[in-house]
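Subject: Structure handover

Hello,

Here is the structure I promised to pass on. Please open it and keep it beside this email while you read.

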Amino acid sequence: MAAPHISQQDYINNFNARDYLQTSYTPGKGILFAEWIKFATRNLHETFTTGGVRGDTLLDFGTGASIYHLLSACEVFDKIIVSDFLEQNRAEFQKWLNKDPDAFDWTPIIKGVCELEGNREDSEKKAEKLRSKVKQVLKCDALKRNPYDPVIVPPADCLLVCLCLETPCKDMKSYCNVLKNFKDLLKPGGHIIIQSVLNCSLYFVGNKSFSCLSITKDELEQAFKEAGYEIVKLKVVPRSEKIWANVSDHSEYYYIHARKPQKE
């Protein structure tokens with residue numbers, strides 16, 4: 001299923017944000033709705049509670065049109081800055097932020113996170129809390145030295161990335177360079193949390209295919225060490241759902257939590 005690395009312009013031209021949300025997160029039908037959402041939201045709930053990760057500012061890099069990964073974070077950060085390379089993703093996120101009637105309905109997933117936190121009935125309050133914490137929606141480009149250029153973002157307490165870097169990075173050298181550049185976005189001792197998939201070369205959104213950088217666990221761990229981070233936790237679980245194997249060929253999910261050293 002391997003495909004040539006997709007260019008940024010191809011991504012701009014061909015990625016449909018609404019198709020992605022429906023393909024991925026529609027209850028009962030989305031490729032990521034069950035197994036991925038359970039993995040991702042539980043990890044983040046633990047990170048931002050018992051894991052003790054909290055602070056003033058969270059940078060969410062490569063937000064896409066999604067909100068699920070911010071639902072636990074909004075409880076422990078005062079300010080959240082979201083960002084994405086694609087205008088269509090930022091516009092779709094803005095619809096949800098502005099309560100646009102045409103916005104994707106995240107209610108089932110919001111309820112699931114509320115249940116993790118012990119109160120399934122507070123989904124509306126949770127949505128409003130997240131909206132109140134999002135202070136900026138920025139354009140980002142992982143391949144730039146300053147990914148937010150020309151904006152200068154003050155160093156944050158935590159950088160969060162979900163299902164993002166395997167698309168712009170064409171090889172492990174590029175992936176490692178991005179990690180190195182990310183260090184400038186963090187305060188000394190700041191946290192970086194990345195969740196994504198391993199051994200994925202291709203995924204579909206509607207009838208459009210998009211290439212991915214296929215990463216192994218060992219390569220991931222080595223990239224973080226080479227970039228100069230202190231790894232706190234690395235978790236890998238196998239994919240058990242095979243029904244959508246023709247939509248994405250990933251074999252595992254990963255969660256990695258690392259820290260920028262206090263002194264370098």
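Twelve residues line the second largest pocket, and those nearest its centre are I37, K38, T41, G112 and V113. Two elements, α3 (35–47) and α5 (107–116), each give two or more residues to this lining. The largest share comes from α5, with six residues. By class, the lining holds six nonpolar, two polar and four charged residues. The volume of this second largest pocket is about 220 Å³. Please keep in mind that this is a predicted model.

Now the largest pocket. It holds about 680 Å³ of space. Its lining counts 43 residues, and Y11, L163, C164, T167 and Y203 are the closest to its centre. Which elements supply at least two residues each to this lining? They are α1 (8–14), α2 (17–25), β5 and β6 (202–205). Helix α2 gives the most, four residues. The classes here are 25 nonpolar, 15 polar and three charged residues.

Stay with T167 for a moment. It sits in the loop between β4 (156–162) and α7 (172–182). Is T167 buried or exposed? Its relative accessible area is 11%, so T167 is buried, since the cut-off is under 20%. Beyond its neighbours within four places in sequence, T167 touches H5, I6, Y11, Y203, S211 and C212.

Next, the strands. Start with β5, residues 186–198. Of its 13 residues, 11 are buried, so β5 is largely enclosed by the rest of the structure. Strand β5 pairs with β4 in the parallel sense, over six bridges. In that pairing, V161 stands opposite I194 of β5. Strand β5 is also joined to β9 by eight bridges, and these two run antiparallel. There, L198 stands opposite E252 in β9.

Strand β9 covers residues 252–259. Six of its eight residues are buried, so β9 too is largely enclosed by the rest of the structure. Which way do β8 (residues 230–238) and β9 run, parallel or antiparallel? They run antiparallel, with eight bridges between them. P238 stands opposite E252 in β9. So look at E252 in the viewer: L198 stands opposite E252, and P238 does as well. One general point helps when you look at strands. In a regular strand, side chains alternate between the two faces of the sheet.

Go on past β9 and you reach P261, in the segment after the strand. P261 has 12% relative accessibility, so it counts as buried. Leaving out its neighbours within four places in sequence, P261 is in contact with P188, G189, G228 and E230. Try a distance too. The C-alpha atoms of P261 and K183 are 9.4 Å apart, while 78 residues separate the two along the chain.

G228, one of those contacts of P261, comes just after α8. It takes a positive phi of about 95°.

Two helices are worth turning end-on. The first is α8, residues 217–226. Its buried residues are L220, A223 and F224. They cover an arc of only 95° around the axis, which puts them on the same side of α8. What do they pack against? The answer is α7, β5, β8 and β9. The spacing follows a general rule. An α-helix has 3.6 residues a turn, so residues three or four places apart point the same way.

The other helix is α6, residues 123–133. Here S123, K126, A127, L130, R131 and K133 are buried. Seen down the axis, these buried residues fall within an arc of 165°, so they line one face of α6. E124 and K125, on the other side of α6, are exposed. The buried residues pack against β2 (77–84), α4 (87–97), α5 and β3 (134–139). Note α5 in that list: the same helix gives six residues to the lining of the second largest pocket.

That is the handover. Write back with any questions.

Best wishes

Conventions:
Residues numbered from 1 in each chain as written. Predicted model: local features only at pLDDT ≥ 70, side-chain atom pairs only at ≥ 80, totals over all residues. Heavy atoms only, no water. Buried < 20%, exposed > 50% of the residue type's maximum accessible area, 1.4 Å probe, protein only. Pairing = 2+ DSSP bridges. Contact = heavy atoms within 4.5 Å. 1 Å grid on protein atoms, 1.4 Å probe; cavity = no way out; pocket = protein on both sides within 12 Å on 5 of 7 lines; lining within 4 Å. Points joined across faces, edges and corners; volume = space filled by probe spheres on them. Nonpolar A, V, L, I, M, F, W, Y, C, P; charged D, E, K, R; others polar. Arc of directions from axis to C-beta.
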